[in-house]
Amino acid sequence: MTNGGKTTLTNSLLRALPNCCVIHQDDFFKPQDQIAVGEDGFKQWDVLESLDMEAMLDTVQAWLSSPQKFARAHGVSVQPEASDTHILLLEGFLLYSYNLPRRHEVPRGALP
């Protein structure tokens with residue numbers, strides 16, 4: 001869904017939650033010359049193939065490997081009183097359309 005308030009909600013959560021980082025799917029569009037043109041003659045920006053999902057997943061992996069380092073690199077001040085809490089928000093309109101490759105699966109029992 002576009003224009004549904006995803007970014008507005010994400011920005012509100014970002015301000016309210018401690019040690020919170022966000023990754024916007026919109027930051028991972030492929031270059032214009034790699035976007036397919038549909039039968040209607042318009043570039044197909046609203047399809048999964050227009051996004052570099054591997055680059056996005058690599059960014060998620062960077063956060064997973066070191067949330068504090070990632071936060072500092074992205075201008076987020078780590079709050080000492082909540083130093084055990086790290087939150088990553090993924091914001092985008094095609095997040096649920098992508099089938100994660102096995103290397104990104106969370107092992108069974110790893111989450112509470």
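Pro31 sits in the loop between E1 and H2. The model is predicted. Pro31 has a relative accessibility of 44% and so counts as partly exposed, since the partly exposed class runs between 20% and 50%.

Ser50 belongs to the loop between E1 and H2 as well. In sequence, 19 residues separate Pro31 from Ser50; in space, their C-alpha atoms are 8.6 Å apart. Ser50 has a relative accessible area of 2%, so this residue is buried. The cut-off for buried is under 20%.

What surrounds Ser50? Setting aside neighbours within four places in sequence, Ser50 is in contact with Phe28, Phe29, Lys30, Ile35, Gln44 and Trp45. There is also a polar partner nearer in sequence. A polar atom of the Ser50 side chain lies 2.6 Å from the backbone oxygen of Val47.

Now take the two elements that flank this loop. Strand E1 covers residues 20-24, and four of its five residues are buried, so the rest of the structure largely encloses E1. Its partner is strand E2, residues 87-91. The two strands run in the parallel sense and pair over five bridges. One example is Cys21, whose bridge partner in E2 is Leu88.

On the other side of the loop comes helix H2, residues 53-65. H2 has 13 residues. From first C-alpha to last, H2 reaches 18 Å, close to the 18 Å expected at 1.5 Å a residue. Which residues of H2 are buried? They are Met53, Met56, Leu57, Val60 and Trp63. These residues cover an arc of only 110 degrees around the axis, which means that they lie on the same side of H2. That set of buried residues packs against E1, E2 and helix H3 (67-73). E1 thus appears twice in this picture: E1 pairs with E2, and the buried residues of H2 pack against E1.

Step back to the whole chain. The protein chain has three helices and two strands. Along the sequence, the pattern reads α-β-α-α-β. The chain has 112 residues, and 25% of them count as buried. Ser50 is one of the buried residues, whereas Pro31 is partly exposed.

Contacts across the sequence complete the view. Among those between residues at least 6 apart in sequence, 67% join residues at least 24 apart. The accessible surface of the chain comes to about 8,000 Å². Carbon and sulfur atoms account for 53% of that surface.

How values were computed:
Residues are numbered from 1 along each chain as its sequence is written. This is a predicted model: local features need pLDDT of at least 70, side-chain atom pairs count only at pLDDT 80 or more; totals for chains, interfaces and linings use all residues. Side-chain values use heavy atoms; hydrogens and water are left out. Buried means under 20% relative accessible area, exposed over 50%, partly exposed in between (1.4 Å probe, protein chains only). Two strands pair if DSSP finds at least two bridges between them. The expected span of a helix is 1.5 Å times one less than its number of residues. The arc is that of the directions from the helix axis to the C-beta atoms. Contact means heavy atoms within 4.5 Å. A polar contact is a pair of N or O atoms within 3.5 Å; within protein, one must be able to donate a hydrogen and the other to accept it, and residues adjacent in sequence count only if both atoms are side-chain atoms. Accessible areas come from the Shrake-Rupley method with a 1.4 Å probe; for residues, only the protein chains shown count as cover.
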